[in-house]
Amino acid sequence: MKQRVITAVVALIIFIPIIIAGGIWVDIAAFALGLVALSEILVMRKKLLVSPEAIISGLGILAVIAPGSWWGNLPGHLSPWYIVYLFVLLLLLRTVVSRNRFSFDDAGVITLSMLYVGIGFHFFIAARAISLVALLYALFIVWVTDSGAYMIGRKLGRHKLAPHISPNKTWEGSIGGTVVATILVSIFWYFFPFGHYSLLTMVVLTLIFSIVGQFGDLVESALKRYYGVKDSGRILPGHGGILDRFDSLLLVLPVIHLFGLI
């Protein structure tokens, strides 16, 4: 527990000034976090971090994460997603060159990972570009849901939510975390509003985003269970890897964008 607290404090001391500063600092942070998260999946897949596929996917995820403004000089007939697709083609070419030592399945896993992680961190940048409040809104949903579910689950948890994937999660904790997050984050939005929705609509949306965040947690838990690992990485002592800390946010941010808030 002491190690978890120390890691959390140090991480926040680094993280909070970056998101307050915004701009290029948030871009760099998103690129770094995305690359580390991708490397964690590669390690789980038992792929070398110094290999053609690691280099190709690393460049590919940077292309996915990059804000739209970075692509202003592309020819009019090209979209940023075409650039991303070129990296997918290189992964497919790698299957031929390697004589299937790097397989089509490997290329599929890495492509999905580039999109899963990259799109999440792309909208991390987009949220901060809207405002600090927009990014804090997303972060608070994840943090409050997670903390509320943990505390309520420990006190009242009786019925397992998904024992085959995450045996410690309970329905009581899940529902309690969502209720607490919906109330507290809606109050935050009331005092620091953004977007074009009414308070009632934002309460409903906050509830939806909280549920989505919990699905994000379960998705990453399923990934770890499939590969037989406890944590996605070891970069955060006591907390695991970057995926372990940002799994919920990777789903919440794109869904917030879906509703036109970022």
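Before anything else, one definition: a residue is called buried when its relative accessible area is under 20%, exposed when that area is over 50%, and partly exposed when it falls in between. Please also keep in mind that what we are looking at is a predicted model.

With that in hand, let me start at Arg-45, which has a relative accessibility of 21% and therefore counts as partly exposed. Its side chain meets that of Asp-106 in a salt bridge, with 2.9 Å from N to O. The two partners come from distant parts of the chain, since Asp-106 sits in helix 5, residues 104-130, while Arg-45 belongs to the loop between helix 2 (24-44) and helix 3 (52-65), and 61 residues separate them. Asp-106, at 6% relative accessibility, is under the cut-off and so is buried. The pair does not stand alone, because Lys-47 joins Arg-45 and Asp-106 in a network of salt bridges.

For those new to the idea, side chains of opposite charge can pair when their charged atoms come close. How many salt bridges does a search of the whole structure find? The search gives six, and I would like to go through two others.

One is formed by Lys-169 and Asp-217, whose closest N and O atoms are 3.4 Å apart. Lys-169 lies in strand 2, residues 166-170, and Asp-217 in helix 8, residues 199-227, so this salt bridge ties together parts of the chain that are 48 residues apart in sequence. Lys-169 is partly exposed at 25% relative accessibility, whereas Asp-217 is buried at 14%.

The other joins Glu-220 and Lys-224, at 3.6 Å from N to O. Here both residues lie in helix 8, four residues apart, which is about one turn of the helix. It helps to remember that an α-helix has 3.6 residues a turn, so residues three or four places apart point the same way. Are these two residues buried or exposed? Glu-220 is buried, with a relative accessibility of 1%, and Lys-224 is buried as well, at 12%.

Now let me turn to the surface, where a nonpolar patch is formed by ten residues that include Trp-171, Ile-175, Tyr-190 and Leu-199, with about 1,000 Å² of accessible area together. Its largest share, eight residues, comes from helix 7, which covers residues 171-191. Trp-171 lies in this helix, and with a relative accessible area of 46% it is partly exposed.

Helix 9, residues 242-258, gives us a small calculation to follow. At 1.5 Å a residue, its 17 residues should span 24 Å, and its end C-alpha atoms are indeed 24 Å apart, so the two values agree. The helix nevertheless has a kink of about 30°, centred on Ser-248. Of its 17 residues, 13 are buried, so helix 9 is largely enclosed by the rest of the structure. After the helix comes Gly-260, which has a positive phi, near 75°.

Finally, a word on the record. An unreviewed UniProt entry lists several stretches as "transmembrane region", among them residues 48-72, 133-152 and 173-191. In the model, residues 133-152 are 100% helix and 0% strand, with end C-alpha atoms 27 Å apart. For residues 48-72, by contrast, the span is 56% helix and 0% strand, and the end C-alpha atoms lie 34 Å apart.

Conventions: Residues numbered from 1 in each chain as written. Predicted model: local features only at pLDDT ≥ 70, side-chain atom pairs only at ≥ 80, totals over all residues. Heavy atoms only, no water. Patch = residues over 30% accessible without salt bridge, like charges linked within 9 Å, V, L, I, M, F, W, Y side chains within 5 Å. Areas by Shrake-Rupley, 256 points an atom, 1.4 Å probe, with all protein chains shown as cover. Salt bridge = Lys/Arg side-chain N within 4 Å of Asp/Glu carboxyl O. Helix = DSSP H or I, 4+ residues; strand = E, 2+ residues; numbered from the N terminus. Buried < 20%, exposed > 50% of the residue type's maximum accessible area, 1.4 Å probe, protein only. Expected span 1.5 Å × (residues − 1). Bend = angle between axes of the 7 residues up to and from the residue. UniProt positions renumbered as here; feature names shortened; annotations may be inferred.
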